[in-house]
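Please read through the model shown here and follow the report below. It goes from the whole chain to its parts.

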Amino acid sequence: MVGLRVGVTLESSRTDRRESFSNLARDQLPRLFSIARRLVGADAEDALQDCLLKAFQRFDQLNEAGAGPAWLTSILVNCCRDRGRAKARRPVEIDFDEVEEFSLYRKIAYEDPFPYSDSLHLDFLGEFGPEDVRAVLLRLPELYRVPLVLVYMDGFLAREVAGMLDVPLGTVLARLHRGRKLFEKQMWDYAEQSGLLAGGAR
Amino acid sequence: MISCSEALRQLWEYLDGALDATDRAQVEEHLGLCRRCCGELEFAEELRRFLASSAHDDLPDDVMRRLNQTLEELGP
């Protein structure tokens with residue numbers, strides 16, 4: 001009889017655990033999917049599936065319900081990085097001296113892609129749809145893409161990202177700086193290569 | 001006064017509120033006198049808004065269904 005009661009309690013506690021996790025995860029699915037799309041593009045669903053399985057296994061490590069969203073994000077980021085590493089062929093070569101000197105603001109002003117525009121810089125940004133932004137982000141090395149997405153798109157603080165990635169705050173700040181410059185450079189290159197500026201004479 | 005390149009290097013940190021009081025004052029002094037860097041500042045603000053507004057992706061129904069299925073099938 002005692003054994004039966006213990007069994008029922010255990011079963012009930014397992015069900016509670018699964019329900020608590022599912023409730024947390026369901027609330028976060030749209031946000032997590034958006035992050036994954038920016039980090040691994042078409043592999044977002046697979047990365048999110050990995051994240052759900054790993055997070056459930058480690059659910060007992062989550063001590064505070066309020067920390068759930070950041071905790072899930074941290075696991076998702078690692079799943080995305082694992083998938084990115086598995087697919088990486090060779091490191092992207094970047095000339096950081098050139099990138100450091102690049103200014104998208106000046107480039108747009110000098111190249112003047114929309115000669116009849118009163119708001120040249122805003123018109124440039126207006127040419128980018130969600131797919132274009134994703135494509136530009138995916139051109140960045142993961143090292144810079146991750147903090148850029150988490151801080152400027154998902155609203156995490158740099159120190160929170162440092163905790164997620166287990167690196168010093170200074171490292172995240174340096175990657176953010178380079179990531180922003182790279183993003184600006186890649187926005188211009190992408191706009192040129194994808195014909196976003198082709199309507200400039202209109 | 002700090003140079004344009006020094007001010008531009010710190011522009012996003014300035015917008016993030018990540019500079020200490022001395023660096024912040026130096027950037028503001030420069031911005032008060034340099035029209036081009038003010039243009040850079042306005043564009044950096046636009047770019048930040050642009051990134052934040054590009055953050056949301058719709059979760060397709062079929063993907064949501066498969067993810068919910070995964071949640072329902074989680075083991076004990």
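Start with burial. Chain A has 202 residues, and 33% of them are buried. Keep in mind that this is a predicted model.

**Overall build**

Chain A holds 10 helices and zero strands. Read from the N terminus, its elements run α-α-α-α-α-α-α-α-α-α. Now take the contacts in chain A with a separation of 6 or more. Of these, 70% join residues that are 24 or more positions apart.

**Two domains**

Chain A splits into domain 1, residues 2-87, and domain 2, residues 96-201. The C-alpha centres of these two domains of chain A are 30 Å apart. Domain 1 of chain A puts 11 residues into the contact, and domain 2 of chain A also puts in 11 residues.

Which elements of domain 1 of chain A give two or more residues to the side that touches domain 2 of chain A? They are α1 (2-40) and α3 of chain A. Of the elements on this side, α3(A) gives the most, with six residues. By class, the side of domain 1 that touches domain 2 in chain A has four nonpolar, four polar and three charged residues.

**A helix pair**

Look next at helix α2 of chain A, residues 44-57, and helix α3 of chain A, residues 68-87. The two pack at an angle of about 130°, and their axes are 8 Å apart. Because of that angle, α2(A) is oblique to α3(A). The crossing of α2(A) and α3(A) is right-handed.

Which residues meet here, in α2(A) and α3(A)? From α2(A) come A:D46, A:A47, A:L48, A:D50, A:C51, A:K54 and A:A55. From α3(A) come A:L72, A:I75, A:L76, A:C79, A:C80 and A:R83. The contact of α2(A) with α3(A) counts nine nonpolar, no polar and four charged residues.

**Where chain A touches chain B**

How many residues of chain A are in contact with chain B? There are 26 residues of chain A, in contact with 23 residues of chain B. Five helices of chain A are named as giving two or more residues to this side: α1, α2, α6 (120-126), α7 (130-139) and α8 (142-153). The largest share, 10 residues, comes from α1(A). The side of chain A that touches chain B divides into 14 nonpolar, five polar and seven charged residues.

**Two loop residues with positive phi**

Two aspartates of chain A deserve a look. A:D112 has a positive phi although it is not a glycine. A:D166 also has a positive phi, and it too is a residue other than glycine. The table sets out their values.

| Residue | Phi | Loop in chain A | C-beta neighbours inside 10 Å |
|---|---|---|---|
| A:D112 | about 45° | between α5 (104-111) and α6 | 10 |
| A:D166 | near 60° | between α9 (158-165) and α10 (169-193) | 8 |

Is A:D112 buried or exposed? A:D112 counts as exposed because it has 10 C-beta neighbours inside 10 Å, and the cut-off for exposed is 12 or fewer. What about A:D166, buried or exposed? A:D166 has 8 C-beta neighbours inside 10 Å, so A:D166 counts as exposed.

How values were computed
Residues numbered from 1 in each chain as written. Chains lettered and ligands numbered in written order. Predicted model: local features only at pLDDT ≥ 70, side-chain atom pairs only at ≥ 80, totals over all residues. Axes fitted to C-alpha atoms, helices over the stretch in contact; angles between N-to-C directions. Helix = DSSP H or I, 4+ residues; strand = E, 2+ residues; numbered from the N terminus. Parallel < 35°, antiparallel > 145°, perpendicular 65-115°, else oblique. Left-handed = near helix turned anticlockwise from the far one by under 90°. Contact = placed C-beta atoms within 7 Å. Nonpolar A, V, L, I, M, F, W, Y, C, P; charged D, E, K, R; others polar. Domains from an automatic or database assignment. Buried ≥ 20, exposed ≤ 12 C-beta atoms within 10 Å, placed from the backbone.
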